[in-house]
Amino acid sequence: MEQKNYRALLSQKQYLKLLLADLVNRFGDSLDTIAYSWIMYEVTGSASLMALVIGLNYLPTVILMPLAGAVVDRLNKKRVMIIADIIRFCIVGLIVILYGMSRLNAVIIAVFTLLTSTVEAFRIPAGGAILPRLLEKDYFTLGKAANYSSSRMAELLGYVLAGLIIAWIGASGALWIDAVTFLLSAGIIALIQYREEKSTEIRSAKSVFVDFAAGLRFVKTSKAVQTVALIGLLINFGIMPLSVFQTPYVSDYLQMGPTILSYIKTLMTLGMMIGAAVLPKLQISKKNRVVAFAGIVMGLTLVIMSVTPNVSIALIKMAALTISMFFIGAGGGMLNVVVGSTMMKAVPQEMMGRVSAFNAAIMQASMPIASFICSGLALKLSVTQIFGVFGILTMISYLVLYCTQRLNHLDM
């Protein structure tokens with residue numbers, strides 16, 4: 001029987017170390033989200049170009065991650081995560097230095113973005129593979145929910161402080177803090193103790209491709225894993241307009257500054273945290289209902305955001321923005337817990353690295369596509385119109401999934 005009391009996780013000592021590392025990492029990332037997006041928009045000066053650069057960010061992840069997952073399954077996961085965090089420290093540091101020298105441009109931003117996502121192509125499957133090794137099976141859903149909620153809490157703190165930090169030491173100072181968090185994360189991960197259940201040596205390139213093929217076969221035969229990938233794909237596709245256009249939306253349509261950008265990211269993260277935390281407590285027997293409800297709510301909030309800038313009464317405008325950002329986060333939090341817990345139950349531990357990599361690649365495949373679509377649409381449509389289009393498509397997609405009973409595979 002699965003545990004439902006979060007206090008029970010205190011017995012999972014090695015998991016708690018990973019949790020702490022993730023908290024530090026997410027705090028830095030939240031500062032990066034605000035500061036780097038503001039710098040990026042300042043350097044590019046174009047919503048369309050910004051969407052194009054963000055789309056490039058996901059290409060290495062989609063292309064490399066399936067093979068990287070097979071490699072990671074034969075490596076020490078802890079070591080991979082430590083090296084990845086150190087490399088990301090160096091990348092962020094170089095970005096800050098070039099920005100301070102006024103040498104940062106769209107091409108350099110694109111190159112560093114590609115390098116970062118290449119590193120993450122190894123870091124993500126390593127993190128996915130190590131998590132179930134640090135938890136007993138009865139703690140999978142609870143541990144995933146706690147990991148997701150606490151990470152969102154760290155992001156929440158980062159978003160709350162981002163505006164103040166940028167006002168105090170500038171966007172470059174905020175990025176330096178982000179860089180330091182990668183070093184702290186690497187140090188905490190180094191303290192984790194766990195045992196690899198198989199050889200951590202790559203004997204040959206052929207052995208990697210054998211593992212790659214085995215992972216692919218598993219994905220092809222597991223309806224639960226395929227459904228999880230489809231849900232993740234829809235989550236990422238639907239949310240991309242908000243991800244790529246959040247800065248132009250705040251700056252040009254709401255006529256507000258970094259403080260409001262920090263505010264809406266805070267609300268979204270708070271929603272994610274609460275949505276993920278309450279899901280294990282809800283008496284819902286069918287995951288398909290959770291997924292359908294959460295997906296439709298996320299789509300509806302995008303539609304609301306598309307008309308919010310047209311509201312003339314400031315109080316009503318802020319209320320609509322507040323409610324929308326909270327509920328889009330809550331829906332995403334619930335969906336991510338369903339996705340994560342289903343994966344840990346459906347996939348054998350020895351295949352978790354490559355299978356989670358396959359799924360992550362499938363889930364993120366929609367992100368560059370959606371970014372490029374947004375980039376093209378931005379030449380003809382307003383950002384608010386793009387929000388409306390994606391919101392309607394998201395609601396229709398989840399309704400179709402529910403009606404066709406595709407989501408029933410989550411409960412198998």
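Select glutamine 255 to begin, and you will find this residue in the loop between α7 and α8. Because the model is a predicted one, what you see at each stop is a computed picture and should be read as such. Glutamine 255 has a positive phi of about 55° although it is not a glycine, and that is worth a pause, because most residues other than glycine have a negative phi. Is glutamine 255 buried or exposed? With a relative accessible area of 62%, glutamine 255 is exposed, because the cut-off for that word is over 50%.

From this loop, colour the two helices that flank it. Helix α8 covers residues 258–278, and α7 and α8 pack with their axes 9 Å apart at an angle of about 155°. That angle makes α7 roughly antiparallel to α8, since angles over 145 degrees count as roughly antiparallel. If you turn the view to look through the pair, the crossing of α7 and α8 is right-handed.

Keep α7 (residues 223–253) selected and add helix α12 (residues 383–403), whose axis comes within 10 Å of the axis of α7, the two crossing at roughly 165°. α7 and α12 are therefore roughly antiparallel to each other, and α7 passes α12 in a left-handed crossing.

While α12 is on display, pick out methionine 395, which lies in this helix. At 22% relative accessibility, methionine 395 counts as partly exposed. If you then measure from methionine 395 to methionine 81, C-alpha to C-alpha, how far apart are they in space? The distance is 36 Å, for two residues that are 314 residues apart in sequence.

Next, select helix α9 (residues 287–307) together with helix α10 (residues 314–346), where the axes come within 8 Å and cross at roughly 150°. That crossing angle makes α9 roughly antiparallel to α10, and α9 passes α10 in a left-handed crossing.

Now turn to the charged side chains. Side chains of opposite charge can pair when their charged atoms come close. How many salt bridges are there in this model? The count comes to 3 salt bridges, and the tour visits each of them in turn.

For the pair in helix α1 (residues 13–44), show arginine 26 and aspartate 29, which are 3 residues apart and so separated by about one helical turn. Arginine 26 forms a salt bridge with aspartate 29, with 2.5 Å between the closest N and O atoms. The partners fall into separate classes of accessibility: arginine 26 is partly exposed, with a relative accessible area of 21%, while aspartate 29 at 14% counts as buried, because buried means under 20%.

Another pair brings you to aspartate 85 and arginine 123, which form a salt bridge with the closest N and O atoms 3.2 Å apart. Aspartate 85 lies in helix α3 (residues 77–100) and arginine 123 in helix α4 (residues 106–130), so this pair ties together parts that are 38 residues apart in sequence. Aspartate 85 is buried, with a relative accessible area of 2%, and arginine 123, at 12% relative accessibility, counts as buried too.

Stay with α3 and α4 and show glutamate 120 and arginine 88, which form a salt bridge with 2.8 Å between the closest N and O atoms. Here glutamate 120 lies in helix α4 and arginine 88 in helix α3, so the pair ties together parts that are 32 residues apart in sequence. Arginine 88 counts as buried, at 12% relative accessibility.

Between these two helices, select serine 102, which is found in the loop between α3 and α4. Its phi is near 60°, a positive value in a residue other than glycine. Serine 102 is exposed, with a relative accessible area of 66%.

For the last stop, show the surface and select Leu94, Ile97, Met101 and Trp176. Together these residues form a nonpolar patch on the surface, with about 380 Å² of accessible area. Where in the model does tryptophan 176 lie? Tryptophan 176 lies in helix α5, which covers residues 140–189, and at 37% relative accessibility this tryptophan counts as partly exposed.

Notes:
Residues are numbered from 1 along each chain as its sequence is written. This is a predicted model: local features need pLDDT of at least 70, side-chain atom pairs count only at pLDDT 80 or more; totals for chains, interfaces and linings use all residues. Side-chain values use heavy atoms; hydrogens and water are left out. Patches are made of residues with over 30% relative accessible area and no salt bridge: like charges are joined within 9 Å, nonpolar side chains (Val, Leu, Ile, Met, Phe, Trp, Tyr) within 5 Å. Accessible areas come from the Shrake-Rupley method with a 1.4 Å probe; for residues, only the protein chains shown count as cover. A salt bridge is a side-chain nitrogen of Lys or Arg within 4 Å of a carboxyl oxygen of Asp or Glu. Helices (H or I, at least four residues) and strands (E, at least two) are DSSP runs, numbered from the N terminus. Buried means under 20% relative accessible area, exposed over 50%, partly exposed in between (1.4 Å probe, protein chains only). Axes are lines fitted to C-alpha atoms, for helices over the stretch in contact, and angles run from 0 to 180 degrees between N-to-C directions. Angles under 35 degrees count as roughly parallel, over 145 as roughly antiparallel, 65 to 115 as roughly perpendicular and the rest as oblique. A crossing is left-handed if the near helix is turned anticlockwise from the far one by less than a right angle, and right-handed if clockwise.
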